[in-house]
Amino acid sequence: MKIGILGTGDVGRALGKGFLALGHEVKLGSREANNEKAAAWVKEGGPRASAGTFTDAAAFGELVVLATLGAANQAAIEQARPGSLAGKILIDATNPLDASHGFPPRLALSGNDSGGEQVQRLAPGAKVVKAFNIVGNTHMFKPNFPGGPPDMFICGNDEGAKRQVAELLKDFGWNTTDIGGIEGSRYLEAMCIVWVMYAVRTNQWNHAFKMLRK
Ligand SMILES: NC(=O)c1ccc[n+]([C@@H]2O[C@H](COP(=O)([O-])OP(=O)(O)OC[C@H]3O[C@@H](n4cnc5c(N)ncnc54)[C@H](OP(=O)(O)O)[C@@H]3O)[C@@H](O)[C@H]2O)c1
């Protein structure tokens with residue numbers, strides 16, 4: 001499948017590497033076509049890896065991943081062009097973090113709104129699925145924990161899109177727990193803060209959530 005990734009940070013590059021390892025074609029997008037991190041990633045990624053602008057990556061992807069600075073989501077989606085995202089699955093891996101009060105950061109959107117809902121409003125024709133936002137980038141592809149595969153908690157309004165994302169997550173080495181509509185982002189984004197607070201308290205960055213059922 002052709003995957004467009006909006007974002008050249010740790011998350012964009014880690015997810016891109018995972019998609020390449022699974023045999024997909026990946027275009028990494030950034031504000032400028034000649035982004036240095038993207039160029040190095042393409043060199044390492046081989047013939048199925050390419051880079052361009054947010055506009056190029058969104059147009060390229062049959063499935064698109066949003067992996068931009070949360071505060072920049074609006075600018076990135078505008079550059080990607082919402083029309084290019086219409087009808088496509090848009091995986092939202094972002095968190096609307098506000099670091100202006102120190103670390104751990106606060107959520108810039110909370111209560112009755114969230115980054116995931118904002119992304120869905122900015123790209124109304126896209127099938128937005130919140131995923132990958134509750135774990136550090138080093139564990140996103142093939143997480144290896146003694147307790148077995150962790151759970152990726154996801155949400156979104158399109159049931160078919162969530163089923164496809166759950167299949168992809170299985171390929172990435174995750175179980176999936178679907179908590180419902182995109183408004184669930186209010187709580188998945190808070191889970192990111194839980195993940196970070198535990199990391200800061202213990203100075204350990206190697207943990208992930210798992211749902212136990214009976
Ligand atoms: N780091 C993690 O382990 C982790 C884990 C889970 C979720 N997340 C979330 O995933 C997202 C990506 O995190 P990250 O650490 O990979 O990278 P990041 O530093 O948060 O974001 C990098 C990306 O944001 C774009 N960007 C920055 N300012 C912009 C602006 N003013 N307008 C448009 N685009 C702008 C950059 O564009 P250029 O390419 O042009 O530089 C780059 O592609 C964040 O929302 C973060 O909260 C991170």
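Reader: Which elements each supply at least two residues of the lining of the second largest pocket?
Author: α1 and α2 (36–45) do. In this predicted model, local features need pLDDT of at least 70 and side-chain atom pairs pLDDT 80 or more, while totals for chains, interfaces and linings use all residues. Residues are numbered from 1 along each chain as its sequence is written, and side-chain values use heavy atoms, without hydrogens and water.

Reader: What makes a stretch such as α2 a helix?
Author: A helix is a DSSP run of H or I with at least four residues, a strand a run of E with at least two, and both are numbered from the N terminus. At the start of α2, a side-chain oxygen of N35 comes within 3.0 Å of the backbone nitrogen of K37. α2 is followed by G46, with a positive phi near 90°.

Reader: Which residues line the second largest pocket, and what is their make-up by class?
Author: The lining consists of D10, R13, A14, K17, L20, K37, A40, W41, E44 and G45. A lining residue has an atom within 4 Å of a pocket point. By class there are four nonpolar, one polar and five charged residues. Asp, Glu, Lys and Arg count as charged, Ala, Val, Leu, Ile, Met, Phe, Trp, Tyr, Cys and Pro as nonpolar, and the others, Gly among them, as polar, so G45 is the polar one. The volume of this pocket is about 160 Å³.

Reader: What makes a space a pocket, and what volume has the largest one?
Author: On a 1 Å grid over the protein atoms alone, a pocket is an open set of points where a 1.4 Å probe fits, with protein on both sides within 12 Å along at least five of seven lines. The largest pocket has about 1,000 Å³, the volume being the space filled by probe spheres set on points joined across faces, edges and corners. Its lining has 39 residues, with V11, A67, T68, L69 and G70 nearest the centre. α1 (10–21), β2 (25–30), α4 (73–80) and α8 (185–202) each give two or more of them.

Reader: Where is the ligand?
Author: The ligand takes up the largest pocket, because a molecule sits in a pocket if more than half of its atoms lie within 2 Å of the grid points.

Reader: What makes the pairing of T8 with the ligand a polar contact?
Author: A polar contact is a pair of N or O atoms within 3.5 Å. A polar side-chain atom of T8 lies 2.6 Å from a ligand oxygen, so the pair qualifies. A backbone N or O atom of T68 is 2.8 Å from an oxygen of the ligand, and a polar backbone atom of N95 is 3.2 Å from one. The protein covers 75% of the 890 Å² of accessible area (Shrake-Rupley, 1.4 Å probe) that the ligand has on its own.

Reader: Why is the peptide bond from F103 to P104 called cis?
Author: Omega of that bond is near 0°. P104 is in the loop between β6 (97–98) and β7 (106–107).

Conventions: Polar contact = N/O pair within 3.5 Å; in protein donor to acceptor, adjacent residues only side chain to side chain.
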